[in-house]
Every structure is written in structure tokens, then in C-alpha cells.
Amino acid sequence: MDNRKLTVGLIGCGRIGAYTRSELNDSTRQGAYPVNHAEAIKANSGLELVALCDLNSENLQRAAGMFNITNCYHDYRDLINQVKPDIISVATRTPGRCDILNFSIISGVKGIYIEKPLSTNQESCVETLNLVRQYGTKIAYGTVRRYMDAFRLCKKMVADGVIGELVQISVSIGSTLLMWSHPHSVDIMTYFSNAKTFDFVQASCLFREKYQGNENAIECDPVVQSAFIQFSNGISGLITQGGGNDVVLYGKSGTILIAGDGAFIQLRKRGQAGPYFNEVVHVDCEAIMSGAQRSFNELELAIKNNEPLSIDPDEIELSQEILLAIAYSGLLNGKKVRQGNLPRGFTVHGKFGDLTA
């Protein structure tokens with residue numbers, strides 16, 4: 001057993017990297033905290049946060065003070081070359097993220113926590129994931145719900161046949177931005193469906209007039225009004241505008257509601273007679289770790305003991321293509337977009353206001 005602490009360098013010291021806004025902390029339910037990278041790293045006894053990097057001096061200094069770090073950089077290449085951490089945690093904005101990932105992989109970093117979405121287009125995503133495959137780099141991904149206890153329990157319930165054959169997954173996280181919020185929605189669908197490919201995506205999106213894009217490059221981060229994903233294994237996924245951060249797993253003999261990001265789980269099963277799922281059970285689930293904390297914990301164990309990870313490059317590549325297909329279908333007024341049919345170079349920059357996802 002390797003008891004040595006693995007060293008971690010954090011690149012990106014903003015809201016998700018090192019500073020969770022107080023109002024989010026106050027509203028975050030038990031089991032979701034810690035949320036940001038730095039606190040999730042500190043919560044794992046086998047990891048040591050040793051270096052920080054951010055282009056913004058104010059963010060960098062604030063994080064350095066909060067976490068008592070003296071190795072501070074404005075250039076990620078200096079951090080990697082001089083500190084040589086075991087793990088890099090990347091919490092930057094999406095544009096340029098692949099450059100950091102590629103440099104880290106080629107430089108021999110053993111593990112990377114990648115914030116979502118991985119990139120703004122499919123070509124750069126595939127290029128980076130091919131490097132991950134080539135170098136055998138261990139990865140964790142910022143779609144944290146798949147690491148949360150409530151979601152894992154429900155996946156086991158589906159695998160155990162509690163609701164019969166799974167036929168559809170719906171995700172309701174409000175009228176929200178594609179690149180900012182819906183990497184979570186799509187990942188939830190690939191996580192529960194176990195799908196390897198999809199037949200088509202059909203979506204309706206709202207593109208803000210100020211940032212109206214064209215066929216190959218969208219400047220804004222579109223609001224998803226609805227999206228339907230038909231996976232090749234027969235399971236479908238649906239993104240609604242409903243709120244509540246609810247996920248519903250529809251089976252042939254029951255449904256599972258994961259309410260409020262796992263605040264509670266409700267199981268409905270078919271009764272003794274009739275078509276109704278009128279046998280209702282509330283399922284208890286104790287949260288042991290937050291999603292972010294567990295993802296770093298898995299990364300540590302994968303590097304030390306070669307233990308399995310919860311996500312692989314194929315899953316990230318699939319979810320990224322679906323995400324971009326939602327935007328492309330929205331541009332085409334809901335036309336079906338089949339796998340492999342995104343135009344080469346199709347890019348969603350994901351701008352909202354002065355920021356990007």
C-alpha cells in the first residue's frame with residue numbers, strides 16, 4: 001500500500017477552482033460539499049495541494065491565502081515544469097483548456113481532474129482524449145453527480161431490475177445554458193443508460209440575439225428549451241425546462257425520482273393490478289462524500305493502486321458530441337443530428353456576458 005501523499009497543482013482559482021460563493025455554500029445540501037476543487041483536494045487525506053496557477057492575480061492571491069500555498073504561478077507550464085505534481089486539477093474556462101490538458105499529459109502528469117465541458121469543439125476533445133489513451137493518464141471529470149452516493153445507489157437499483165427495463169431518463173434543471181449546465185444533464189444520461197453510441201439528437205435552443213452565431217461557430221452559450229437523445233441501445237434521454245434539479249428514471253415496471261440533486265429518492269412501482277405505479281417508497285441514502293471529493297479520491301486510488309475510475313475517455317467523447325449536437329440541432333430548428341454528422345470544426349464558444357463556460 002502506497003501511503004505517500006500525492007501532490008496536486010490547481011490551475012484556475014476562481015469560483016469552481018478555489019472559491020465557492022457563500023450563497024452557494026449556504027444553499028448546498030448535505031453531501032454536495034465540498035464543491036470547489038481546492039476544498040475537495042484538502043478533504044482527501046492522501047492528497048496535498050502544493051501549487052496554484054491563475055492568470056488573475058487577485059484570484060491567485062486570495063486562493064494562496066485561503067489554502068496557505070506559496071508555489072503560485074501565472075503560467076501553467078511553469079507550475080508543471082517546476083513543481084512536477086502528480087495530479088493537475090484544471091478549473092479554467094473552457095476555451096484553451098485542451099492546451100493545458102495536452103501539455104500536462106505530454107509532461108507526464110499521472111492524473112488530471114478535468115472540469116466540464118472538456119472543450120468547445122469535438123476535434124480538440126478527441127485529440128486530448130487520444131493523448132489520455134496513449135499516455136495512460138488517469139482522469140476524473142467535473143460531472144460530479146455520477147460520483148454522488150444518491151446517484152450511485154439509483155444506478156444499482158436500475159441494474160438490480162427494481163424498475164424493470166430502463167426506457168427513458170429525464171433531466172430537469174431549469175432553463176439553463178448548454179455549456180455551463182448541461183454537461184451534467186448529458187453525463188447523467190450516459191451514466192444511467194450505459195450507451196456507447198447514439199442514433200440522433202433533436203433539440204430546441206434559444207440563441208441570444210446579441211451573440212447570434214452561424215452554422216459552424218456559436219459565440220453564445222445557448223439556452224436549451226428541450227432536447228431529445230435517442231441512444232442506440234434503445235434508451236432515450238429528455239432534457240426539459242422544468243426546475244428542481246430532478247432526474248427521473250423511467251422503467252417498464254416503475255420509476256425512480258432523484259429529487260433535488262439527491263436530496264431524496266422516491267421509488268414508484270407497479271401495484272398488484274392495473275397499469276399504475278402506485279406503490280410508493282421513499283429510499284434513504286446517506287451521503288458519505290461529495291461528488292468532487294470522491295472524484296479526487298478515485299483519482300488517488302487509481303494512481304496508487306490502479307483501481308478503476310468512474311468515467312473513461314469514450315464516455316467523455318460521447319457526451320461531448322451529444323452536447324454539441326444539441327446546439328447544432330437547435331441552429332437547424334430542431335433537425336435530427338446523427339452521430340458523426342457534426343460539421344468539422346463546429347464550435348460553441350459558450351459566452352455569457354463577459355465570461356465563457
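In the predicted model, the largest pocket encloses about 1300 Å³ of space. Of the 50 residues lining this pocket, Arg-15, Ile-16, Glu-115, Lys-116 and Trp-180 are the closest to its centre. Two or more lining residues are contributed by each of the helices H1 (22-27), H4 (76-83), H5 (97-106), H8 (178-193) and H9. Helix H8 supplies the largest share, 3 residues. Sorted by class, the lining consists of 20 nonpolar, 19 polar and 11 charged residues.

Helix H9, one of the contributors to the pocket lining, spans residues 291-305. The distance from the first C-alpha of its 15 residues to the last is 21 Å, close to the 21 Å expected at 1.5 Å a residue. Most of H9 is covered, with 14 of its 15 residues buried. Just after the helix, Asn-306 adopts a positive phi of about 55°.

Within H9, the side chains of Lys-304 and Glu-300 form a salt bridge with an N to O distance of 3.0 Å. The two residues are separated by about one helical turn, because they lie 4 residues apart in the helix. Both partners are covered: Lys-304 is buried at 16% relative accessibility, and Glu-300 is buried at 8%. Elsewhere, Arg-4, Asp-86 and Lys-110 are joined into one network by salt bridges that share partners.

The structure contains 14 salt bridges. One of them links Arg-344 to Glu-123, with the closest N and O atoms 4.0 Å apart. Arg-344 is in the loop between strands S16 (337-338) and S17 (347-352), whereas Glu-123 is in helix H6 (residues 122-135), so the pair ties together parts that are 221 residues apart in sequence. Arg-344 is exposed, at 73% relative accessibility, while Glu-123 is partly exposed, at 28%. Another salt bridge pairs Lys-252 with Glu-165 at 3.1 Å, N to O. Here the loop between strands S12 (246-251) and S13 (254-259) holds Lys-252, and the loop between helix H7 (149-159) and strand S7 (166-172) holds Glu-165; the pair therefore ties together parts 87 residues apart in sequence. Glu-165 is partly exposed, with a relative accessibility of 49%.

A search of the whole structure for disulfides returned 0. For Cys-98, the closest cysteine sulfur is that of Cys-125, and the 6.7 Å between the two sulfurs is too far for a bond. Cys-98 is buried, with a relative accessible area of 8%. Cys-285 is likewise in no disulfide, the nearest cysteine sulfur being that of Cys-154 at 7.3 Å. Cys-285 is partly exposed, at 32% relative accessibility.

Technical notes: Residues are numbered from 1 along each chain as its sequence is written. This is a predicted model: local features need pLDDT of at least 70, side-chain atom pairs count only at pLDDT 80 or more; totals for chains, interfaces and linings use all residues. Side-chain values use heavy atoms; hydrogens and water are left out. A disulfide is a pair of cysteine sulfur atoms within 2.5 Å. Buried means under 20% relative accessible area, exposed over 50%, partly exposed in between (1.4 Å probe, protein chains only). The expected span of a helix is 1.5 Å times one less than its number of residues. On a 1 Å grid over the protein atoms alone, a cavity is a set of points where a 1.4 Å probe fits but cannot get out, and a pocket is an open set with protein on both sides within 12 Å along at least five of seven lines; lining residues have an atom within 4 Å of a point. Grid points are joined across faces, edges and corners, and a volume is the space filled by probe spheres set on the points. Ala, Val, Leu, Ile, Met, Phe, Trp, Tyr, Cys and Pro count as nonpolar, Asp, Glu, Lys and Arg as charged, and the others, Gly among them, as polar.
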